[in-house]
Amino acid sequence: MHAIWRIASCDFRLTMREKSAVLWIFLMPLAFMTFFGLSFGGSSGQTPKATLTVENNDDGYLSGDLISLLAGENYYIQMSDTLPEGRDPVRTLIIPERFTDDVLGREKVELALVRDRGSNRNAGEAASAAVIRSIARLISGLIEIENGLVNEGSGSIAVRGDSLYGSLLLVTREQPGMAAVLEERIDTMLVRPANITVVSERAGKGVEIPRGFQSSVPGSLVMFVLMTMLFSGSVLTAERKDGVLRRIGMSPAGKGDVVAGKLIGRIFVAAAQIIFLLAVGKFLFRISLGSSPGGLFFLMLTFAFAMGSLSILFGAFLSDPDQVTTIGVITSLAMSALGGCWWPLEVVSAPMRMVAYCLPTGWTINGIHRLISFGMGTSAVLPHIAVLFLFGLVFLVLGARRLKWDV
Amino acid sequence: MKAILGILANDIRRRLKNPLSVILMLLIPVTMTLITGLVFGPEGNVDMPKIKVLLVDNDGGFFGGLLKQGMQQGELGDMLDITEVTAAEGEEMMSGGDASALIEIPEGFTANVLDGKPAEIRLVKNPSETFLPIVVEEITKTMAVLLDGGTRIFNAPMSKMRSIVDQENWPAVSDMEEVMDGAKNGVILTYGYIADSLITFTDEVAALPDSVAAVDDPVVKDFNIFAYVMPGSMMIGLLFIVELVLRGLLRERKAGTLRRMLAAPVTTGQAVAGKVGAAFAITLISSLILLAVSRLGFGVDLGDPLALFLQTVATILMCTGIITFLYGAISGERAADAVMSVMIIVMALFGGSMVPSEQMPPALQAAGRFSPVFWAADGMKKIFLLDAGVSDIRIHLLVLFLLGVLTIIPGALLIRARIAKGGW
């Protein structure tokens with residue numbers, strides 16, 4: 001036991017002394033969390049608040065009403081003629097000429113929302129829905145007014161038989177002073193609060209999480225712990241190559257002690273990394289860590305165990321430290337992407353979701369979501385803990401059996 | 001010159017004899033591109049699964065049913081997979097994350113709508129999902145607005161109908177006529193908007209992406225996600241390959257082979273030039289391999305050959321220059337371990353290798369212009385996706401060539417000075 005502890009603590013100390021290791025363990029994940037958190041600030045459970053540029057070619061008041069309705073949605077409205085120089089619009093609503101007259105006169109009108117390729121898809125879909133809602137509110141307001149005038153017996157708009165005669169435009173032209181009255185009526189109708197509303201809330205006990213960091217913190221954590229562990233496989237290979245491992249093997253420590261020591265040393269490193277990144281998530285990015293510290297502890301511990309074992313496996317199977325590093329990068333990129341660290345798994349096809357659950361990364365990300373996003377307890381992640389433990393066990397057995405003192 | 005070419009050829013021969021490390025580096029961009037393509041499909045259109053939505057109808061009335069039917073018909077029916085559940089079942093399933101959202105129609109919803117009283121639809125979103133709950137929320141809000149508008153238009157006949165229903169006696173014919181007349185006007189007024197599509201709304205994607213607006217009269221090709229992802233991913237691989245080759249200098253110094261080389265009639269400058277030249281040549285060969293993989297493996301249209309050639313050469317020059325300069329600035333292998341990978345990743349991150357720059361917020365997009373990777377990846381993207389010619393990417397070429405020249409010469413001089421001083 002003493003030998004195991006010595007090997008583990010020695011490995012931990014040596015890793016922490018390396019400047020490059022410290023950069024990769026602590027600073028790079030922090031940079032990734034920040035970068036991806038900011039880049040995908042709109043991709044949370046909240047409808048993203050984006051900018052909608054409006055190109056208004058109409059000189060009437062209905063386009064102004066439509067823009068006011070859009071401003072009441074989750075949008076920053078930017079008029080195209082006030083767009084700062086050099087800044088391209090991301091999504092633009094084009095209101096055609098004579099919009100007001102054509103709508104009042106019941107002529108055909110075409111509105112267009114033009115989105116740039118590569119613009120945020122969520123925000124684009126939300127913009128489209130917001131425009132549809134605003135048009136619907138405008139139309140229903142106009143129909144109400146038309147209905148009122150028909151019922152009042154206005155000569156300029158009437159229902160005769162099954163047909164409609166006249167229009168609001170005709171009303172404004174034939175009845176002096178009605179233009180101002182209509183404008184006021186429309187304005188009044190459009191500011192009325194809706195009778196039917198939708199109230200949104202989040203499932204589970206999880207608290208609201210700042211946008212973007214919700215996914216960037218767990219995703220970066222899982223990816224960089226995996227990367228650190230796979231890189232540490234190259235240290236094991238280097239020790240085999242340089243004869244360091246054989247020298248340790250000459251000591252009273254047996255092979256089992258060496259493997260256990262190496263594994264525990266790696267778990268220490270992973271644990272230090274996880275604690276640091278969770279603390280950063282909690283205190284810098286202000287994410288919630290859920291309501292089950294026990295669940296999170298065991299999930300992270302088994303994840304560290306699985307990744308530490310994978311490191312042993314890599315170090316045991318590969319003979320060139322540089323190759324371990326490069327293969328480690330490729331493996332960690334692939335496992336992170338497929339496991340849901342790069343993008344939410346909900347947007348991938350069913351077979352790719354199945355692939356995610358064949359990987360430790362997929363189970364870890366899902367477990368973190370259960371604990372943090374849903375605020376569930378330890379029991380909710382027991383299957384995840386069991387699966388990660390099994391992954392770790394398989395990697396460890398294969399690695400230990402394969403491990404030789406030299407390359 | 002002969003000595004430089006000799007060192008260069010020798011380095012290339014050595015790499016060709018043992019190409020595994022370079023091949024593994026090449027696998028990084030190929031893997032990244034392949035996975036993105038596999039996940040999002042070659043045309044970038046994810047085959048989205050139906051969105052699982054739970055519906056709790058505590059109302060059981062007409063308008064609750066109308067909402068339910070509205071969500072199960074037409075395009076919405078293809079998009080949403082609605083399962084009707086009880087309130088308790090719904091809460092339990094949502095707590096387990098078994099659906100993207102739950103819609104709860106409250107008790108007395110129909111009565112409130114008929115009476116013109118406020119009625120709230122409750123939407124519970126799955127917190128572990130990012131995109132799908134938002135889609136459901138937008139659909140529900142839109143349905144609510146449509147229902148709200150409809151009930152306001154038909155408010156009078158609906159109120160009359162309500163009073164008729166509440167009566168204990170049979171309704172009078174005049175009452176029914178009043179209802180029918182009131183409803184008829186609303187139907188006729190609404191009909192024009194529905195049948196004649198008086199106001200139409202088109203939602204279209206701009207012909208040109210933001211980042212390629214500068215291209216003069218471009219040809220927009222069918223979107224190929226590999227062509228979109230490969231230029232950025234490629235940059236990571238190429239930068240690491242230059243780094244790998246130049247690191248050989250440090251290792252040769254450590255192993256003593258550099259000293260042996262300098263004992264021959266070769267100056268330090270020639271040795272450094274040979275090594276930098278070898279880095280350029282090996283990276284050029286690697287980029288040709290990546291371009292071949294892009295064309296043959298991913299079906300990427302490589303666009304205008306001259307533009308591609310110049311962009312590739314400029315990119316390799318920039319990569320070689322930047323890494324040479326960084327090597328000139330660092331003190332040894334341990335510093336290289338600490339700095340080089342981090343610098344490459346940071347440049348790639350801001351330059352759009354991992355997140356396309358169009359997807360970044362404006363501040364990060366602006367910061368990305370300071371990363372050399374941006375000019376390399378963006379130029380290549382224009383060639384692949386828009387058939388951009390030399391004149392369309394002239395600024396990119398200028399930036400890359402300038403960066404290359406301005407870094408490769410001082411970088412090589414710095415390395416020479418370090419070796420001469422016995423540094424590293």
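Select chain A and colour it by domain: domain 1 covers 2-42 + 207-402 and domain 2 covers 50-190, with bounds that come from an automatic or database domain assignment. The C-alpha centres of these two domains of chain A are 54 Å apart. Do the same for chain B, where domain 1 is 2-42 + 223-420 and domain 2 is 51-195. Here the centres of domain 1 and domain 2 of chain B, taken over C-alpha atoms, are separated by 58 Å.

This is a predicted model, in which local features need pLDDT of at least 70, side-chain atom pairs count only at pLDDT 80 or more, and totals for chains, interfaces and linings use all residues. Residues are numbered from 1 along each chain as its sequence is written, while chains are lettered from A and ligands numbered from 1 in the order in which they are written.

**Confidence**

The model has ipTM 0.72 and pTM 0.75. Colour chain B by pLDDT, the predictor's confidence in each residue, from 0 to 100. Its mean is 85, and 94% of the residues of chain B reach 70 or more. Among the elements of chain B, strand S5 (residues 199-205) has the lowest mean pLDDT, 75, and helix H13 (residues 305-329) the highest, 95. Helices (H or I, at least four residues) and strands (E, at least two) are DSSP runs, numbered from the N terminus. Next, select residues 208-220 of chain B, where pLDDT stays under 50. Where pLDDT is low, the predicted coordinates should not be read in detail.

**The contact between the chains**

Show both chains and select the residues in contact, that is, with C-beta atoms, placed from the backbone, within 7 Å. Chain A puts in 84 residues and chain B 84 residues. On the side of chain A that touches chain B, the elements giving two or more residues include helix H2 (19-39), strand S7 (196-202) and helix H12 (321-339) of chain A. H5(A) gives the most to this side, with 18 residues.

Stay at the contact and select S7(A) with strand S4 (residues 119-125) of chain B. These strands pair in the parallel sense over 7 bridges, where pairing requires that DSSP finds at least two bridges between two strands. At A:Arg202, look across to B:Lys125 in S4(B), which stands opposite.

**Inside chain A**

Go to A:Gly141, in helix H5 of chain A. This residue counts as buried because it has 23 C-beta neighbours inside 10 Å; the cut-offs are 20 or more other C-beta atoms within 10 Å for buried, 12 or fewer for exposed, and partly exposed in between, with C-beta atoms placed from the backbone. Leaving aside residues up to four places away in sequence, A:Gly141 touches A:Ile186, A:Met189 and A:Leu190. Measure from A:Gly141 to A:Thr188: they are 47 residues apart in sequence and 9.4 Å apart in space, C-alpha to C-alpha.

Move to A:Arg98, in the loop between strand S3 (91-95) and helix H4 (99-104) of chain A. A:Arg98 is not a glycine, yet its phi is positive, about 60 degrees. With 16 C-beta neighbours inside 10 Å, A:Arg98 counts as partly exposed.

**A helix in chain B and its end**

Finally, select helix H16 (residues 372-386) of chain B. Its 15 residues reach 21 Å from first C-alpha to last, close to the 21 Å expected at 1.5 Å a residue; the expected span is 1.5 Å times one less than the number of residues. In H16(B), 15 of 15 residues are buried. Step on to B:Asp387, just after H16(B), where phi is positive at about 55 degrees. B:Asp387 lies in the loop between H16 and helix H17 (394-420) of chain B and is partly exposed, with 18 other C-beta atoms within 10 Å.

Notes
Contact = placed C-beta atoms within 7 Å.
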